[in-house]
Amino acid sequence: MSEQNRAAQRAVPEQLERALATEVSLRSRLRHVAVGLAGGCGAAMIAVLWATEPDALPTRTQAAFAGLIAIGLAWAVLGGWVLSRRRPLFARDGVLSARIALAATVVTALAGVALAGVRGSTAGLHLRGAVIWMCSLQ
C-alpha cells in the first residue's frame, strides 16, 4: 500500500467535515444556551412562585408545579450537558431532546385526560386528543 493510499484513507470526507463543523458551531452552542436558560429560568420562576405562596396550594396545583419544575430542570440539564462537551455529540442531544419533549407531552396529555375524566366533561378530552395528534405530526 503506497503512502498516498494511506493518506487518502485517513482523509475525512468533506460532507462529514461539514456535519462536524455544524455540530460544534457557535450557532449550535447558542441554541443550547437558550434552551438551558429557558428551562432553568422557567423552573426557577415556578419554584419562586410556589415558595412565596402565603397559603398552602391544592394538591393538584402542587403536582402541576412539581411537574413543570422537573420539565424545566430537564431542559436546563440537557443544555448544560451539551455545552459541557467540547466535541460533537453525533445527534445524541437530539435524541435526548426528543425523549424529554415526548415525556413532557405524554405526562401533560395524561394529566389533562385524568382531569377531564374527574370533571366529567369531554371538552378536555377532545382538546388533549387534538394536542396529541398535532404532536404526533411533528
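Here a colleague questions a modeller about helices and side chains in a predicted model.

Colleague: How many aromatic pairs does the structure hold?

Modeller: This is a predicted model. Aromatic rings count as a pair if their centres lie within 6.5 Å. Trp50 and Phe65 are 6.1 Å apart, centre to centre. The number of aromatic pairs in the structure is one.

Colleague: Is the pair of Trp50 and Phe65 stacked or edge-to-face?

Modeller: The planes of Trp50 and Phe65 make an angle of 75°. Planes over 60 degrees apart have their own class. So the pair is edge-to-face.

Colleague: Which helices does the pair link?

Modeller: Trp50 and Phe65 are 15 residues apart, in distant parts of the chain. Trp50 lies in residues 26–51, and Phe65 lies in residues 59–84. The pair links helix 3 and helix 4.

Colleague: Is Phe65 buried or exposed?

Modeller: Buried means under 20% relative accessible area. Its partner Trp50 has 30%, so Trp50 is partly exposed. Phe65 has 16% relative accessibility, so Phe65 is buried.

Colleague: Which helices do the buried residues of helix 4 pack against?

Modeller: The buried residues of helix 4 include Phe65, Ile69 and Gly72. Leu78, Gly79 and Val82 are also among them. They pack against helix 3 and helix 5.

Colleague: Are helix 4 and helix 5 roughly parallel or roughly antiparallel?

Modeller: The axes of helix 4 and helix 5 lie 10 Å apart. Their angle is about 175°. Angles over 145 degrees have their own class. Therefore helix 4 and helix 5 are roughly antiparallel.

Colleague: How many nonpolar residues are in the contact of helix 4 with helix 5?

Modeller: In helix 4, the contact residues include Ile71, Ala74 and Trp75. In helix 5, they include Leu96, Ile100 and Ala104. One residue of the contact is polar and three are charged, while the number of nonpolar residues is eleven.

Colleague: What span should helix 5 have at 1.5 Å a residue?

Modeller: Helix 5 has 28 residues. Its end C-alpha atoms are 40 Å apart, which agrees with the expected span. At 1.5 Å a residue, that span is 40 Å.

Colleague: Which residue of helix 5 does His32 touch?

Modeller: His32 sits in helix 3. It is buried, because its relative accessibility is 10%. His32 touches Gly79, Val82 and Leu83, among others. The buried residues of helix 5 include one that His32 also touches: Asp93.

Methods. Residues numbered from 1 in each chain as written. Predicted model: local features only at pLDDT ≥ 70, side-chain atom pairs only at ≥ 80, totals over all residues. Heavy atoms only, no water. Phe/Tyr/Trp six-rings, centres within 6.5 Å; stacked < 30°, edge-to-face > 60°. Helix = DSSP H or I, 4+ residues; strand = E, 2+ residues; numbered from the N terminus. Buried < 20%, exposed > 50% of the residue type's maximum accessible area, 1.4 Å probe, protein only. Contact = heavy atoms within 4.5 Å. Axes fitted to C-alpha atoms, helices over the stretch in contact; angles between N-to-C directions. Parallel < 35°, antiparallel > 145°, perpendicular 65-115°, else oblique. Nonpolar A, V, L, I, M, F, W, Y, C, P; charged D, E, K, R; others polar. Expected span 1.5 Å × (residues − 1). Lists of a residue's contacts leave out its neighbours within four places in sequence.
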